[in-house]
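Thank you all for coming. Please take a moment to look at the sequence and the structure on the screen, and then I will walk you through them.

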Amino acid sequence: NEYNHASILEFGVKSTLEEDNHELKIGDSPFIWDYNNEINAIYFNSSYYITETFGFQIGTRYETQNKYFKINFEPLACEDAKCLLFNEYLNNKNISSSSDFIYEHERYYPSLYLIYNPKEKGTAKLGIGRRINRPWHGAINPIPDLQDFDSDFLDIGNPSLIPEDIIKAEISYSGRTPVGFL
């Protein structure tokens, strides 16, 4: 097709590994927790022009995620107020000396865009796609900072919190202006 001089085909692979290891000494006991989050993805995008100014872009991303949170500690033997409050917190939350929190998923995230590109006048896109909204690390960390026990507010996350899938629709425009791009 004579209009496809601007068409593209794009492939990619991405791998992300987050590791967060903590070790506290509470009283005379070590308190250890590890967080590992591995995300692997492969994606492809392709655009195709039907006419000189109108085309579409289609793509998909396949993703796997393995999130693992492990808490490991010996029974805490202590007498000071912070340690006793921490022990009470662990008991109230049913966190034992080998609590594991695991989350795994495999998903496809497709997208489709309609493109209108009248050359010197800019490019307009109308699109829809599935996206993922992941909680940040603090939102899933179930262990509060020991300094928080002196305050009235404990910043505690939920390790069972899972990412949410969202459907995203967008309209965008980009074009050249005398001072750059808009």
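If we take the contacts in the protein chain between residues at least 6 apart in sequence, 67% of them join residues at least 24 apart. Before I go on, please keep in mind that what you see is a predicted model. The mean pLDDT of the protein chain is 83, and 90% of its residues reach 70 or more. Among the elements of the protein chain, β5 has the highest mean pLDDT, at 93, while strand β8, residues 180–181, has the lowest, at 70. As a general caution, where pLDDT is low, the predicted coordinates should not be read in detail.

Let me turn to the overall layout. The protein chain holds 2 helices and 8 strands, and if you read along the sequence you meet them in the pattern β-β-β-α-β-β-α-β-β-β. How does the radius of gyration of the protein chain stand against that of a compact globule of 182 residues? Such a globule would have a value near 16 Å, but the protein chain has 25 Å. Along the principal axes, the C-alpha atoms fill a box of roughly 80 × 35 × 25 Å. As for the surface, the protein chain exposes about 11700 Å², of which carbon and sulfur atoms supply 54%, and of the 182 residues, 32% count as buried.

Now to the charged side chains. Side chains of opposite charge can pair when their charged atoms come close. A search of the whole structure finds 6 salt bridges, and I would like to begin with those of Asp165. One of its partners is Arg107, with the closest N and O atoms 3.1 Å apart. Because Asp165 lies in strand β6, residues 164–174, and Arg107 in strand β4, residues 98–116, this pair ties together parts that are 58 residues apart in sequence. Asp165 also forms a salt bridge with Arg130, and here the closest N and O atoms are 2.5 Å apart. Arg130 lies in strand β5, residues 123–133, and Asp165 in strand β6, so this pair ties together parts that are 35 residues apart in sequence. Are these two residues buried or exposed, or something in between? Asp165 counts as partly exposed, at 29% relative accessibility, and Arg130 counts as partly exposed as well, at 26%.

Another salt bridge brings together the side chains of Lys168 and Glu170, at 3.2 Å from N to O. Lys168 is partly exposed, with a relative accessible area of 34%, and Glu170 counts as partly exposed at 24%. In addition, salt bridges that share partners join Arg61, Glu63 and Arg134 into one network.

Let me now visit a few single residues, beginning with Ser111, whose place is in strand β4. Ser111 has a relative accessible area of 11%, and because the cut-off for buried is under 20%, we call it buried. Which residues is Ser111 in contact with, once we leave aside its neighbours within four places in sequence? They are Asn45, Gln57, Ile58, Gly59, Ile128, Gly129 and Arg131.

Glu164 is found in strand β6, and at 44% relative accessibility it counts as partly exposed. Leaving aside its neighbours within four places in sequence, Glu164 is in contact with Arg131, Ile132 and Asn133. If you look from Glu164 to Leu9, which is 155 residues away along the chain, you will find their C-alpha atoms separated by 29 Å.

Thr123 is in strand β5, and its side chain is joined to that of Asn117 by a polar contact of 3.3 Å. Not counting residues up to four places away in sequence, Thr123 touches Ile115, Tyr116, Asn117, Ser172, Tyr173 and Ser174.

My last residue is Asn92, which lies in helix α1, residues 81–92. With a relative accessible area of 58%, Asn92 is exposed. From Asn92 to Ile156 there are 64 residues in sequence, and their C-alpha atoms are 13 Å apart in space.

To close, I would ask you to go back to the picture and find Asp165 once more, with its salt bridges to Arg107 and to Arg130.

Key. Residues numbered from 1 in each chain as written. Heavy atoms only, no water. Salt bridge = Lys/Arg side-chain N within 4 Å of Asp/Glu carboxyl O. Helix = DSSP H or I, 4+ residues; strand = E, 2+ residues; numbered from the N terminus. Buried < 20%, exposed > 50% of the residue type's maximum accessible area, 1.4 Å probe, protein only. pLDDT = per-residue confidence, 0-100. Rg over C-alpha atoms; globule rule 2.2 N^0.38 Å. Contact = heavy atoms within 4.5 Å. Areas by Shrake-Rupley, 256 points an atom, 1.4 Å probe, with all protein chains shown as cover. Polar contact = N/O pair within 3.5 Å; in protein donor to acceptor, adjacent residues only side chain to side chain.
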